[in-house]
Amino acid sequence: MKNKHSNDDELYSVEPDDKEDSYAKELSIKPTSAVDEQTKSADMPRPKTFHSKNFTDVTDEKKSSPIKTKISHAEASGVIISAVMLIYSLAESDKPLFFLSTALLTFLLRPLIGALFGKHNRAVQNALHSFSVVLFIGALIMLFL
């Protein structure tokens, strides 16, 4: 017995019934099942369902973060202190302090050294950063051996 007032197509629909979806309205998403009859024609492509309001192109060179080429007063003080530590470690033959001060000096002088390499600035700064981190870890290992 089938009720002639019920419609099986409405009960078992493949597409979601999102014509009145409040979440889609909040995000400015046009529901996929609520397409106008004009856009269903074969000449026009189906509209996109999501449009971001805050899209930024990551390939834009002007908006990329600039690489720092100047050092601050605190960094200049750190360079001086690490240079004094380096001289002291050479005078006292302290190998862990030598590697620690070299790592600190390399890390603090990255912007100045990287600026000397022009278009390879970012690659040189990344290499010096990795080198200084590895040198620091090696100094800590040497300290406890």
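On the outward side of helix H3, away from its buried residues, His73, Ile80, Ile81, Val84, Ile87 and Ala91 are exposed. Here exposed means over 50% relative accessible area, buried means under 20%, and partly exposed lies in between (1.4 Å probe, protein chains only). The model is a predicted one, in which local features need pLDDT of at least 70 and side-chain atom pairs count only at pLDDT 80 or more, while totals for chains, interfaces and linings use all residues. Residues are numbered from 1 along each chain as its sequence is written, and side-chain values use heavy atoms, with hydrogens and water left out.

**The chain as a whole**

Let's step back for a moment. The chain has six helices and zero strands, and its elements run α-α-α-α-α-α from the N terminus on. Helices (H or I, at least four residues) and strands (E, at least two) are DSSP runs numbered from the N terminus. Of the 145 residues of the chain, 21% count as buried. Among contacts in the chain with a separation of 6 or more, 42% come from residues 24 or more positions apart; a contact means heavy atoms within 4.5 Å.

**Two helices side by side**

The table sets out H3 and H6, with the expected span taken as 1.5 Å times one less than the number of residues.

| Helix | Residues | Expected span | Distance between end C-alpha atoms |
|---|---|---|---|
| H3 | 73-92 (20 residues) | 28 Å | 29 Å |
| H6 | 121-143 (23 residues) | 33 Å | 33 Å |

For H3 the expected and modelled values agree, and for H6 they agree as well.

The buried residues of H6 are Asn121, Val124, Gln125, Leu128, Ser132, Leu135 and Ala139. These buried residues pack against H4 and helix H5 (110-115).

**The inner face of H3 and its partner**

Which residues of H3 are buried? They are Glu75, Gly78, Val79, Ser82, Leu86 and Ser89. Looking down the axis of H3, these buried residues fall within an arc of 105 degrees, so they line one face of the helix. The arc is that of the directions from the helix axis to the C-beta atoms.

The buried residues of H3 pack against helix H4 (95-108). The two helices, H3 and H4, pack at an angle of about 155 degrees, with their axes 8 Å apart. That makes H3 roughly antiparallel to H4, a label for angles over 145 degrees, while those under 35 count as roughly parallel, 65 to 115 as roughly perpendicular and the rest as oblique. The axes are lines fitted to C-alpha atoms, for helices over the stretch in contact, and angles run from 0 to 180 degrees between N-to-C directions.

On the H3 side, the contact includes Ala83, Met85, Tyr88 and Leu90. From H4, the contributors include Leu97, Phe98, Leu100 and Leu108.

**A closer look at Leu105 and Ser93**

Leu105 is found in helix H4 and counts as buried at 19% relative accessibility. Leaving aside residues up to four places away in sequence, Leu105 touches Val79, Ser82, Ala83 and Leu86. The C-alpha atoms of Leu105 and Glu75 are separated by 9.8 Å, with the two residues 30 apart along the chain.

Where does Ser93 sit? Ser93 is in the loop between H3 and H4. Although Ser93 is not a glycine, it has a positive phi of about 60 degrees. Ser93 counts as exposed, at 61% relative accessibility.
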